[in-house]
Structures are given as structure tokens and as C-alpha cells.
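Here is a quick tour of a protein chain, written for someone who likes to think in contacts and surfaces. Have a look at the structure first, then read on.

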Amino acid sequence: GSFRIAGTINLDVSGVVLRGSGAVKDKDKDATNLVAEGLPRAILHIGGTGEWQEVHSRMPILDDLVPVGAQSITVDAPDGFFSVGDHIIVQWNMTAAFIHTLGMDHIPPRRDGGEVRQWPTDMALRFDRRIVALEKADKGYRLKLDAALTQRMPKEDNPVVWKYEYPGRISQVGVENLRSDGAVFRKAPDYNNPSIPHKTDGSFFDSIFSEFEAVENAWMRNVEVENYNNVVFVDEHARAITVEDVEGNHVDTPEKQGHAAPFAFEIDGSQVLMQRVNLTGRLNHVWATQARVAGPNVFRDSWAKGDDLDAGPHQRWATGTLWEQLTLK
């Protein structure tokens, strides 16, 4: 049947699966259809609350160089500080030298006269990892991680490791076998108003089917949506997410009036796999990463049809992303 959604469905408890009876409109009379009502917003939110809570001190990495693809690191730490199973962040900060090498400390003026923001040195990549093994080294401990690191980190950049707790993050949550229609959002009075800021319930940027945030080991599959501008967001605090067999139809953004394009399938988290995620529409960053993304992440085996469509990293610095077997028509 059809269910009219005047608010947001929040999956904020571990172990919950939102499972419909089918996704294909007209071809399956028993399909489950979530019909949006009201102003543009996210219809479905998957995740808990909060962010990483740092525990104890930050410990320096001792390796002269952590290469791309490394899955183990040597850390200066006392006995008993780290244990197998610990949740850790491997953090690399962008140095002034790195930013200068890229030329992002002297970005030229914008043609439209807008503000230019040079890259600051407080930008960092934070790799969310688990310790799967450790052993005593000549100095400190050698930590084996559950996934490879995707940024080159020389010792002079002063990379560090810190343990964290995340009591508000949930896990084992899924969305399956349903469809949704956001056509009503296009009737909002400020839907195409370029002066409306994001997240204020009004513009096409806020027309969002789903957001993964503060969640791990979660998934979405066999879902069909139409008349949204953004289909799936995976936030910075989401990890180990699989999105597959999701189709966005009529993802049609209005003509530009000062806004950038929205995102159909966007990754800001890590260890995310998106496959067979397809789109028909116009003016969209179809498969994209966000500002500072610590991989690995994958977009694969998908297609998009329409005008003014693209794919790639959107801004700032993203590492370890694979775009594979994607077709823009």
C-alpha cells in the first residue's frame, strides 16, 4: 500500500530493518510506496546521534612513511594502551607544504566575485578503523587494521592515532523492497529559490530520500524512488555501508539560478559500496564524494541517463575511491 509521510522516518535503533513488500510501481500491485507530504526534507534517516568521542591521548605514528594501501602501522604507545577490537581513528592533517604543492593556498579570484576560501591547515582525513591484531615492535606496537589506508602519510606530516567511543552510533540496520515519491516537494514555494540556504526545508537541495548518519554495518537494497533531487547521502560518521539495486527516476533539477547541482548518490563516509545505483534525470552530480573523504569507497556497475550529469570527487580532498563500470548516457 501507500503511506503518506508528513515527517521523517527515523531508524535510530540497532537491529531494525525497514522492509516493504516490493518496489516497482504498476508492475507489482503489492508494492510499498512512501509518499512525501509537506516541504522538502529527508524522508528517511538511518542512524543514531553524536560523533566520535576521543579516549586518552593521541599517539604518533613511528613509520617513516605510511604508503597508500598500508594495512598496518607502528604506533608509539605504552604496554596495554591498545587492544584487539579497539575503535581507532588514524588521522592525517594537511600540512602547509602539502596545500602549497597543490596550489590551494593561492586560489585565484572567482569570476562571479564570490568569496574565495584558501585551504587551511586544520583540514584532516580521519580513517575510522578497527584493530584486528597487534604485536610488540622495537619501538611501540605494530597495529593491523581492518581496512587499508588510502592516503600517503610521511612521518614529517605528524600523523597520529587515537581511540574513540561512539555510544550514539547504531549498527545492523537495513532498508529493503520499497519505493518512494517526492513529487510534492516541487510544489514548495521556495523550491527553486537560490537564496534559500541548505537544510531549511525549502529548496531542491533539501529534497532528499535518505540519509545514513551515525551508523555502521548498514544497507539499502531493492529501492526505487522518483521526483527527489538527492537519493542517498552517506555521512562522515557512517561506515561499512552497502547500497545496491537502487534506482532514482525523474531526478530533474530546475535550471541553475545560482545553486550548484545536487547529488543523487553521495559518499562522505568510509568503506561504502554503492553498486547498481542508477538514475534518470538532469543536472546532477550522480556518483560523488564530498569535501574530505577517507576511503576506501566504491561506485560501480551503474548507469545514468539525462542532460548535465557528471561523476567524481566534488571538492577539497578525497582518497581511495573507485569509480568502475559507470555509464553516463
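## Surface and overall build

About 15000 Å² of the protein chain is exposed, and carbon and sulfur atoms supply 47% of that area. Keep in mind that this is a predicted model. Of the 329 residues, 50% count as buried.

As for secondary structure, the chain has 1 helix and 22 strands. Its radius of gyration is 21 Å, close to the 20 Å that the globule rule gives for 329 residues, so the chain is as compact as a globular protein of that length. If you want a box for it, the C-alpha trace spans about 65 × 50 × 35 Å along its principal axes. Take the contacts with a separation of 6 or more: 75% of them are between residues 24 or more positions apart.

## Two nonpolar cores

Nonpolar side chains tend to be buried together in soluble globular proteins. Here, the largest nonpolar core has 41 residues, and the members that touch the most others are F212, M220, V232, I241, V243, F265 and M274. Strand β20 (residues 270-289) gives this core its largest share, 6 residues.

What does F212 touch, once residues up to four places away in sequence are set aside? The list is I46, A218, W219, M220, V232, F233, V234, D235, A238, I241 and V243. Apart from this core there is another one, of 27 residues, with M59, I73, W92 and L149 among them.

## Strand β15 and its partners

Is strand β15 (residues 208-212) enclosed or open? Buried residues make up 5 of its 5 positions, so the strand is largely enclosed by the rest of the structure.

β15 has a parallel partner in strand β5 (residues 42-46), joined to it by 4 bridges. In that pairing, A42 stands opposite I208 of β15. Strand β17 (residues 230-234) also pairs with β15 in the parallel sense, again over 4 bridges. There, I208 has N230 of β17 as its bridge partner.

## Salt bridges, outside and inside

How many salt bridges does the structure hold? The count is 21. One of them pairs K136 with D79, whose closest N and O atoms are 3.2 Å apart. This pair links distant parts of the chain: K136 belongs to strand β10 (residues 124-136), while D79 is in the loop between β8 (72-75) and β9 (87-93), 57 residues apart. With the cut-off for exposed at over 50%, K136 counts as exposed because its relative accessibility is 54%. D79 counts as exposed too, because its value is 58%.

Now for a bridge with both ends buried. R169 and E216 meet through their side chains in a salt bridge, at 3.9 Å from N to O. R169 sits in the loop between β13 (160-165) and β14 (170-181) and E216 in strand β16 (residues 215-226), so this pair ties together parts 47 residues apart in sequence. Buried means under 20% relative accessible area, so R169 qualifies at 11% relative accessibility, and E216 qualifies at 13%. R169 and E216 also belong to a network of salt bridges that links them with D128, R130, D146 and R239.

## R179, E224 and a loop valine

R179 and E224 form another salt bridge, with 3.8 Å between the closest N and O atoms. R179 lies in strand β14 and E224 in strand β16, so the pair ties together parts that are 45 residues apart in sequence. Both R179 and E224 are buried.

Which residues does V24 contact, leaving aside its neighbours within four places in sequence? They are A31 and the two bridge residues just described, R179 and E224. V24 itself lies in the loop between β3 (17-19) and β4 (33-36). Its relative accessible area is 33%, so V24 is partly exposed. V24 and V225 are 201 residues apart in sequence, yet their C-alpha atoms are 9.4 Å apart in space.

Definitions and conventions
Residues numbered from 1 in each chain as written. Predicted model: local features only at pLDDT ≥ 70, side-chain atom pairs only at ≥ 80, totals over all residues. Heavy atoms only, no water. Salt bridge = Lys/Arg side-chain N within 4 Å of Asp/Glu carboxyl O. Helix = DSSP H or I, 4+ residues; strand = E, 2+ residues; numbered from the N terminus. Buried < 20%, exposed > 50% of the residue type's maximum accessible area, 1.4 Å probe, protein only. Pairing = 2+ DSSP bridges. Rg over C-alpha atoms; globule rule 2.2 N^0.38 Å. Contact = heavy atoms within 4.5 Å. Areas by Shrake-Rupley, 256 points an atom, 1.4 Å probe, with all protein chains shown as cover. Core = buried A, V, L, I, M, F, W, Y, C linked by side-chain atoms within 4.5 Å.
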